[in-house]
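Here is a set of questions and answers on one protein chain and its ligand. Keep the structure open while reading.

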Amino acid sequence: MNQTLKGRTVIITGITDASSLALIIAKECKDQGAKLICTGLGKTPFHKNLSENSINFLDRTYSDFQNTVKQELGEDVVTFPLDVTIQESIDSFADFLLEKKETIHSLLHSIAMDKTIRQGKVKPIMTVSREEFMDAMNVSSFSLLAIVQSLYNRNLLVKGASIVALSYLGAEKVVIHPYKNIGVAKAALERLVKEMAMELGKEKEIQVNAIRFSPYRASKAGSAIEGLEEAEIHCHTSAPLGNALAKDLAEEVCYLFRPSNRITGEIRHVDGGYHIRG
Ligand SMILES: NC(=O)c1ccc[n+]([C@@H]2O[C@H](COP(=O)([O-])OP(=O)(O)OC[C@H]3O[C@@H](n4cnc5c(N)ncnc54)[C@H](O)[C@@H]3O)[C@@H](O)[C@H]2O)c1
């Protein structure tokens, strides 16, 4: 068995349930020998004035996340609640790692949210409010910087650590299904990847990369996007190799997580070659 990640500690964000891309990536990291620390959206001591509905949602989400991790990855995997919109929540996760004397070799950012995508519909960009725009940016882009800052400032990231964020072709192009507001947030995420790659590479040989994956309807986030079923079919028939599988993505993430590579600031495609089409 390939044990390339043996002795490495990997933080996995963004597991909702067994259909999450993050879960499939976590499994591959584990198979390759990594120790996993998983964060899931849930209630934290820093949430204030929550409605009953919000409490129920956060409790249910966290319990689904914990059950998924236990069943799919094992009882011994460390889990921690994280809401990336709250700085204290991010910092308390980093403090927890510090207290446990963890050193982090890799981080997967697999977090996205856009309130303009609701009940299978995506709002036209001309109707997006300032708040909706900022929310999508906050959760889907700034969160990468916020998490890494918090880890870096506590010296938790080893020299040569590797960070990967998940993105989509809709960051660059107006794709064949509505992606709109979240596309702008993904563009910011990818640009952040490059700025972070420059600073962190020079300072500590830390690599920061993003991967654009094929449309993937199976996950909660994917199933919410208008027209993704048609997009999956279209991309599958148009791409030279058809749509990439989640397993292809997981293997590419592990490749970028392996020790001593010199790849950074890349926006890679794991999409069966769809991105070369005009
Ligand atoms: N599904 C696709 O077609 C597709 C394609 C390419 C890239 N991606 C990207 O892959 C990543 C994972 O998406 P997925 O398809 O596995 O869906 P998913 O719904 O399983 O994952 C999205 C995750 O974001 C988390 N999240 C949302 N708000 C949060 C917050 N405030 N704090 C902490 N976590 C929060 C959710 O809890 C969830 O676990 C996303 O970045 C997505 O944009 C998805």
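Q: How many bridges join β1 to strand β4?
A: The model is a predicted one. In it, β4 covers residues 104-109 and runs parallel to β1. Two strands count as paired if at least two bridges are found between them. For β1 and β4 the number of bridges is three.

Q: Which residue in β4 does Ile11 stand opposite?
A: Ile11 belongs to strand β1, residues 9-12. Across from Ile11, in β4, is Leu107.

Q: How many bridges join β1 to strand β2?
A: Strand β2 spans residues 35-40 and is parallel to β1. One position in this pairing puts Ile11 opposite Ile37 of β2. The number of bridges that join β1 to β2 is four.

Q: Is the β-α-β crossover from β1 to β2 right-handed or left-handed?
A: Between β1 and β2 the chain passes through helix α1, residues 21-31. Handedness is judged with the strands pointing away from the viewer, and a clockwise path over the helix is called right-handed. The crossover from β1 to β2 is right-handed.

Q: Which residues of β1 point the other way from Thr9 and Ile11?
A: In a regular strand, side chains alternate between the two faces of the sheet. Thr9 and Ile11 point one way from β1, and these residues are buried. The residues that point the other way, also buried, are Val10 and Ile12.

Q: Is Ile25 buried or exposed?
A: Ile25 lies in helix α1. The C-alpha atoms of Ile25 and Ala250 are 4.3 Å apart in space, although 225 residues separate them in sequence. The relative accessibility of Ile25 is 0%, and a value under 20% counts as buried. Ile25 is therefore buried.

Q: How many disulfides does the count come to?
A: A disulfide is a covalent bond between the sulfur atoms of two cysteines. To be counted, the two sulfur atoms must lie within 2.5 Å. By this rule the count is zero.

Q: How far from Cys29 is the nearest cysteine sulfur?
A: Cys29 is buried, with a relative accessible area of 0%. Cys29 is in no disulfide, and the nearest cysteine sulfur belongs to Cys254. Because a disulfide needs sulfur atoms within 2.5 Å, this pair does not qualify. The distance is 3.8 Å.

Q: How far from Cys38 is the nearest cysteine sulfur?
A: Cys38 is also in no disulfide, and the nearest cysteine sulfur is that of Cys29. Cys38 is buried, at a relative accessible area of 0%. Its sulfur-to-sulfur distance to Cys29 is 9.3 Å.

Q: How many residues surround the ligand?
A: Among the closest residues are Thr16, Lys186 and Tyr216. Ser20 is another of the closest, and an N or O atom in its side chain is 2.6 Å from an oxygen atom of the ligand. The number of residues surrounding the ligand is 28.

Q: What share of the ligand does the protein bury?
A: Backbone atoms also come into contact: a ligand oxygen is 3.0 Å from a polar backbone atom of Ala221, and a ligand oxygen is 3.5 Å from one of Ala112. Taken alone, the ligand exposes 820 Å². The share of that area buried by the protein is 93%.

Q: Which element gives the largest share of the shell around the ligand?
A: The elements that contribute two or more residues to the shell are β7 (157-167) and α6 (220-223). The largest share is three residues. Those residues come from α6.

Q: Is Lys101 buried or exposed?
A: Lys101 sits in the loop between α3 (87-99) and β4. Lys101 is not a glycine, yet its phi is positive, at about 60 degrees. Its relative accessible area is 73%, and a value over 50% counts as exposed. Lys101 is therefore exposed.

Q: What is the phi of Lys180?
A: Lys180 is in helix α5, residues 180-204, and is partly exposed at 37% relative accessibility. Although Lys180 is not a glycine, its phi is positive, at about 45 degrees.

Q: Which residue has the backbone oxygen that the side chain of Asn181 reaches?
A: Asn181 is in helix α5 and is buried, with a relative accessible area of 1%. Its side chain reaches a backbone oxygen at 3.4 Å. That oxygen belongs to Glu132.

How values were computed. Residues numbered from 1 in each chain as written. Predicted model: local features only at pLDDT ≥ 70, side-chain atom pairs only at ≥ 80, totals over all residues. Heavy atoms only, no water. Buried < 20%, exposed > 50% of the residue type's maximum accessible area, 1.4 Å probe, protein only. Near = heavy atom within 4 Å. Polar contact = N/O pair within 3.5 Å; in protein donor to acceptor, adjacent residues only side chain to side chain. Areas by Shrake-Rupley, 256 points an atom, 1.4 Å probe, with all protein chains shown as cover.
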